[in-house]
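User: Please take a close look at the surroundings of the ligand for me. After that, carry on to the other contacts that you think I should look up in the viewer.

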Amino acid sequence: MLRLERVSKFYSNNGMVSTGFSKVDLEFFIGEFVAITGESGSGKSTLLNVISGLDSFEEGEMYIMDQPTSGFSAEDLERYRKEYIGNIFQTFNLINSYTVYQNVELVLLMCGCNKGIIPGKVREIIEKVGLSGYERTKASKLSGGQKQRVAIARALARETPIIVADEPTGNLDSKSAAEIMKLLYRLSEDKLIIIVTHNYDQVEPYVTRKITMHDGKVAEDKRLTDIDESRAEVLKRSFCGDLRTGETDELAFSDMARLGFRNAFNIPAKFLLLFAVFVFLCTGVIGEYGAVMNMNELVTGQGYNNFFVNTEKNRILVSKEDGSVFSDSDYNKLETLGNVERIVRNDLMLDENFYLTDDLEEGEFYTLCKTEELDIAQRDLEEGRMPENSREAVLLIPKVGYAAGVTGEMMEKDSWLIDQNTGSKILKDKLKVVGYGFLDEEEEKTLGDNGYYFEAYLCVGDESLSSIRKADLEKYCRQELFVGGYILDLETSAGFYLASSDKVPEGEIYLPEEAAVYLEGNAVGAEVELTNKSLYFTDTRNFTVGAVYNRETLKDRLDMENYEEISGGIFINPDDYERFFDKGNFQSSVIVTDEMMAEETRNRIEEMGYRAFCVRDGLVSYSGGLEVIPLAMFTVILAAILLVMFFVTYFIIKLILKSRNVYFSTIRMLGATKKNCSSLLKTELFVVFNLAFLFCIVIAVLISEKIIDIDLLNMMTAYLSLKDYVILYGVLCLMSLLLAGRYARQLFRQTAMNAYKEEV
Ligand code: ADP
Ligand code: MG
């Protein structure tokens, strides 16, 4: 069965060579119960390790089933151990966190044993070693004698022809020791049993052969019972097989998953530590990703736009496909969109900057305002009341600052609403501020948007808003006068402009002399066409020239004095004028509730048949694109931090897994292949990682649902979408598998025995 020819084993430590044993000649047969004795240091353990393939030898040859083994590869040796050797150790080497049942089951799983028969077989073996009733007891809770019984059960489960036991009773009291020896003897039929012991008396009743070692040499080899060589030969044949071509059994996937799960949880402290590390990794990576997105948003969210004052992310500009005016049914349709906070009908006001002053020349106050609808002002006012007519307004102001200082004074006077850009009055009549309230934090932030520094929200009723809109529209319209075959573009033709005067009767138009010349003397009574154009409409009306004025006739015709200021004015009746500009809303804004979803909402509005535009998308950066440089630097720094985090996690995980070395050396001892160990470890880490990731996702959901409300966390998760989480999951998953793979490779850099000696 097993034959050693002049085998020697040397150890070299720092150049010092010591001898484990030398020139040993021995032959073992199936059916033998061999005891190896000798004083400490005589080479017994070393001999046993070489026999069981745990250790290599330097000299001579060892034959297993008549095959020489000096040329065996590590895999060949592992296979030999797995199929031929059952080890029993002084220190038991059970998986302490497993139950008795699980310890025995593990062996059968490693052997690729048929799943269906495992439970029955495990019970049978447990009964054989006298541990029935202890199946569910954890190995760590057993007495020494019981532990050794489990170890024996484990060796039996493998059904190997050879069982080697190194001082199996060394840690036991004499009573348990005697029982264990008896048990081994009972099970020794049809097997080769080799026991190392320095207490020969214990085994004496059972042994068939006694080998005494002394100083690395076999001092005595005494057969006590004759062996039945022909029977040994028959038995040997039943184990016959070519060791070097045998196939290794692989763990079935389901068993692997089951073991991986078991390993993930069976040591609570280790589980919690790993869990914490993975949560750290996940939150770290998610947080950094969030920070990059946040920075990106900060950088690209800065800029200006020549057309829009309000460039908040939640604003979607909507107009109709055919350029017509919005009707109530349009607004009703838009209301049903979802993600709509409100609809600003008088959308133009969002892009105006007006100021309020009591006097154009020497105003005592001068407050720059954002116009808003009255609804916005619904809150407890600090002073005063809500407006009751079109001449009244409410201010919303920050608690501190300029506006807080002057608002009281404003309420005592009437104010002009002035267009900041043109300096002209917007409303015919002065406004009265009848109350004020304070802005909340969010609202206060919007005062500084897009480079403007507003001091207050001016909230007015619908009637005032439409007056403001009309005044606004004038800015965006241009007029053309078709006169005597010529077209005068009032915007580009020097000095001409459209104005109103109640001196002009409806349907008539008063021209300055400079315009009347196109009619060649027959001006009065002539028909002219006036066109008012905007982005959305072209409105043409006919007028009869009622009068022509010049410096001298200005007073008479229009009752005006200052010709220098007036000159070039083309006058029509105020009601006619009004008709040109009282057009309703061609443009409205949808203010969304969730600005992250603005793009989606925009698409839906387009699907409904409108034109829609996210105002934020129209920003031009201040620096002409240079802001991507800090963003790139920021990203690089974060990538570096990520890398560092990866290695920190790797080392922490490595430290935690150190405690797993015993486990992995033990299962290697039981025949696990490199692939098995690596997959087991991967499964284990994968399970813990997934739980940690799930945990982080739950936290993220709680944050987004505002159940947890911490500013920093909000910032971290605000810009992450489902897609981002999927990507992060993939990256982190890969990371944890890489970690496991690396670690498993390291485990196998050592031979099984070295790993074992180091750990046990
Ligand atoms: P025993 O089991 O009979 O007490 P061992 O087989 O453990 O003896 O040791 C035999 C000899 O080999 C001893 O002299 C011991 O010092 C030496 N030895 C054992 N293991 C090592 C090792 N890993 N490195 C160096 N020397 C060793
Ligand atoms: Mg020893």
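Analyst: Here, a residue is near a molecule if one of its heavy atoms lies within 4 Å of it. By that rule 13 residues surround ligand 1, with Gly 41, Gly 43, Lys 44, Ser 45 and Thr 46 the closest. Bear in mind that this is a predicted model: local features need pLDDT of at least 70, side-chain atom pairs need 80 or more, and totals for chains, interfaces and linings use all residues. Residues count from 1 along each chain as written, chains are lettered from A and ligands numbered from 1 in written order, and side-chain values use heavy atoms, without hydrogens or water.

So what is the shell around ligand 1 made of? It splits into 10 polar, 2 charged and 1 nonpolar residue; Asp, Glu, Lys and Arg count as charged, Ala, Val, Leu, Ile, Met, Phe, Trp, Tyr, Cys and Pro as nonpolar, and the rest, Gly included, as polar. At least two shell residues come from each of β1 (2-13), β2 (16-28) and α1 (44-51). Those labels are DSSP runs numbered from the N terminus (helices H or I, at least four residues; strands E, at least two).

Now for the polar contacts (N or O pairs within 3.5 Å). Thr 46 has a side-chain N or O atom 2.4 Å from an oxygen of ligand 1. Gly 41 uses its backbone instead, with an N or O atom 2.7 Å from a ligand oxygen. Ser 18 puts a polar side-chain atom 3.5 Å from a nitrogen of ligand 1. Taken alone, ligand 1 has 550 Å² of accessible area, and the protein covers 65% of that (Shrake-Rupley, 1.4 Å probe).

While you're at β1 and β2, check two backbone oddities. Asn 14 sits in the loop between those strands and has a positive phi near 50° without being a glycine. Asn 14 counts as exposed because its relative accessibility is 83% (over 50% is exposed, under 20% buried, in between partly exposed). Lys 23, in β2, also has a positive phi, about 50°, and is no glycine either. At 42%, Lys 23 comes out as partly exposed.

Next, the salt bridges (a Lys or Arg side-chain nitrogen within 4 Å of an Asp or Glu carboxyl oxygen): the structure holds 47. Arg 209 pairs with Asp 221, closest N and O atoms 3.0 Å apart. That ties strand β9 (209-214) to strand β10 (217-223), across 12 residues. Arg 209 is buried at 2%, while Asp 221 is partly exposed at 37%.

Another one joins Asp 330 and Lys 320 at 2.8 Å, linking helix α11 (328-335) with strand β11 (315-320). Here Asp 330 is buried at 5%, and Lys 320 is buried at 16%.

What about a bridge with an exposed partner? Try Arg 551 and Glu 564, which meet at 2.9 Å, N to O. Arg 551 is in the loop between β25 (538-549) and α16 (554-558), and Glu 564 is in helix α17 (563-566), 13 residues away. Arg 551 is partly exposed at 46%, and Glu 564 is exposed at 54%. Salt bridges with shared partners also knit Glu 32, Arg 209, Asp 221 and Arg 223 into one network.

Terms used
Polar contact = N/O pair within 3.5 Å; in protein donor to acceptor, adjacent residues only side chain to side chain. Buried < 20%, exposed > 50% of the residue type's maximum accessible area, 1.4 Å probe, protein only.
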